[in-house]
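Okay, thanks for squeezing me in. Let me put the structure up, and then I'll walk you through it.

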Amino acid sequence: MSHKIQTLSGYFHEYQKSVTNPEAFWARIAESFHWKKQWDKTLEWNFEEPDVKWFVNGKLNITENIFERHLYTKGDTPAIIWEPNGPNEANRIVTYRELYEMTNQFCNALEAQGIQKGDRVIIYMPMVPEAAVAMLACARIGAIHSVVFAGFSSSSLADRINDCEAKMVLTSDGNFRGAKQIPVKAVVDEAVENTPSIEKVIVLKRTGEEVVMKEGRDVWWHDAIQGQSSEYTAKEMDSEDLLFILYTSGSTGKPKGVVHTTGGYMVYSEYSFSNVFQYSQGDVYWCTADIGWITGHSYIVYGPLLAGATTLMFEGVPTFPHAGRFWEIVDKYKVNQFYTAPTAIRALQVYGLEPIAPYSLDSLKVIGSVGEPINEEAWHWYHDHIGKGNCPLVDTWWQTETGGIMISALAGITPNKPAHASLPLPGIQPVIVDAEGNELKGNNVEGNLCIKFPWPSMLRTTYGDHEKCKNVYFSAYKNMYFTGDGAKRDHDGYLRILGRVDDVINVSGHRMGTAEVENAINEHPKVVESAVVGYPHDVKGQGIYAYVICDMEGRTEESLKQEIKDTVRKIIGPIAKPDMVQIVPGLPKTRSGKIMRRILRKVASKDISNLGDTSTLLNPEVVDQIVEGAGLK
Ligand code: WTA
């Protein structure tokens, strides 16, 4: 049943097979899952439309592959270990059988509240086992979940609800986050004022704070499950039925609903999980992401649970109540695989080694990184002080759109190289192309990263707008999926990801479209025009720098800057708040009116050594004014 690669030569052997005959390769892996009906054809595809189908006409339910497939042998094995935000609150250990019963009960509750196969359900919840139950119950009844990170604002939430015309929101009264308590139900209340499709809101009691429950619309979670049976027969789904929608930022002004389907996502999330982390039965695996991001979907919930693993879910933040909390948790549960983001590592690095000292960390076998390029300094700190120099560090490159890890070392099997994602997983065919789309073969080449052959967990469309999917991902280069990232193949043949080449910035591992932030800034009545760029930031990787043209009447510069930051926080959420706002008299534009972001990026990163030829600009004088305004002159 296991398709875990055990040796380096095994990796090369599997990789070779996976490119010589991808259909046979994936069919063999898919056979280890439980299908209600076998597929007719393994793969149908073209990247023109795009139109990609895996395991065509196969019938299954992904949750049967988590529960029915494992219950017999793993009923009493912990599925989820939950560590609360506050260290004094009791933890929870949920076995596979308990998770199965909770999920079934919630399936019945969802149906009783009017949810049916194909309906969209928004999950706006804290990191508690019920959030996983919510996702799994949707999958089990065939509803399509869309998890929205519970730090997004009410208007971001409303936009997502409206885009997919969701019928229901699952939320909590409030969330604990470090020392803070966040009134999320109130955010939902504000959002659903403007979402005609929402019929019901189910509210989990978490903080116990006062909330307003609207008669006929709002139902407490505990009331919804009251008296519901803990038995439920999973609905039969087609392999290509939608499993979930996850909104993510791109270079357009509005987030896109990335669509993942059932069969392929199941096969790839489990396969990649087992191989990258080299999970062995009985291990305790911990990924620190939030379920609001793709990492939480694939590597807290689906991948590990499909593999019958024990997955740790942590509600809190790395620095509460102290900067050693992560390491305390690692020791407490004897965590074997630990998967986090470079931004968390850099944030903890600031506290030095003292917070780590009390903990042995000797259970760790594998450590991992995801979300952004990991700089060498953070890599070494993580490797030396957390991995104690003897844990493979897997630097995993992938995206919301790819559904699973694409380029990464397999822990302890394929070599590690600082700051290099390294080699593609079997079945993944990355290529580096030049601006014209010519494949750059061999080593020591640099260009844009594309994938030239389909893989099972790739996005199928962007919800409600297939043209957008085609334009954004499949039009830049013929017959290739374009990732939006730059990459280099070094002299040893290892891949290094160089970061985004489009107008997407990566703030603490969170994707932000610059246009999206600009749109939010422009909502402020005093703002005339704005341009947003990323700049290097010690902890966040990239910070958000906003150049804004304003009508200053009645405001001081300081008050206006603060108002602009608050506007973004209100419209998108705290993660999008600009780190720097510079009020400028104008923006450098080409004669065709396009903003010259290259210049703005240079000024933001305090590098004015080579601003290039500015004489062809419509308004060359503005460059000097901006440089001066930034305090660089
Ligand atoms: C970046 C997160 C370098 C990249 C799973 C990508 C990385 C974007 C890495 C996707 C990595 C993610 N090394 N860059 N190991 N992992 N990225 O959709 O720019 O939130 O395109 O998915 O994050 O972000 P997303």
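I'll go from the whole chain to two sheets and then to the aromatic rings.

Quick caveats first: this is a predicted model, where local features need pLDDT of at least 70 and side-chain atom pairs count only at pLDDT 80 or more, while totals for chains, interfaces and linings use all residues. Residues are numbered from 1 along each chain as its sequence is written, and side-chain values use heavy atoms, with hydrogens and water left out.

So, the big picture. The chain has 18 helices and 30 strands; those are DSSP runs numbered from the N terminus, helices being H or I with at least four residues and strands E with at least two. The radius of gyration is 24 Å, close to the 26 Å from the globule rule for 633 residues, so the chain is as compact as a globular protein of that length. That radius is taken over C-alpha atoms, and the rule is 2.2 Å times the number of residues to the power 0.38. Along the principal axes, the C-alpha trace spans about 75 × 65 × 55 Å.

What share of the 633 residues counts as buried? It's 62%, with buried meaning under 20% relative accessible area, exposed over 50% and partly exposed in between, using a 1.4 Å probe and protein chains only. Now contacts, meaning heavy atoms within 4.5 Å: of those in the chain with a separation of 6 or more, 71% are between residues 24 or more positions apart.

On to the sheets, where two strands pair if DSSP finds at least two bridges between them. One open sheet has 7 strands, in the order β5-β4-β17-β16-β18-β19-β20, with mixed pairing. Its edge strands, β5 (92-95) and β20 (393-396), each pair on one side only. The twist averages 20° from one strand to the next; axes here are lines fitted to C-alpha atoms, for helices over the stretch in contact, and angles run from 0 to 180 degrees between N-to-C directions. Packed on this sheet is helix α13 (residues 376-386), which touches β18 (337-340), β19 (366-370) and β20, with its direction at about 160° to that of β19. Inside the sheet, β4 (residues 78-83) and β17 (residues 310-314) are parallel partners over 4 bridges, and W82 sits opposite M313 in β17.

There's also an open sheet of 4 strands, β21-β22-β24-β25, and that one is antiparallel. Why does β21 (430-433) have one side without a neighbour in the sheet? It stands at an edge with a single partner strand, and so does β25 (495-500). The twist in this sheet averages 45° from strand to strand. Between β24 (residues 481-489) and β25 there are 5 bridges, and G486 has G499 in β25 as its bridge partner.

Last stop, rings. Rings of Phe, Tyr and Trp (its six-membered ring) pair if their centres lie within 6.5 Å; planes under 30 degrees apart are stacked, over 60 edge-to-face, and the rest tilted. That gives 44 aromatic pairs. Take F273 and F277: the ring centres are 5.8 Å apart and the planes are at 45°, so this pair is tilted. Both are in helix α9 (residues 262-277), 4 residues apart, about one turn, and both are buried. Then there's Y535 with Y545, an edge-to-face pair at 5.8 Å centre to centre and 90° between planes. Y535 and Y545 are buried too. Finally, ring pairs link F25, W26, W35, W39, W54, F55, Y268 and Y271 into a cluster.
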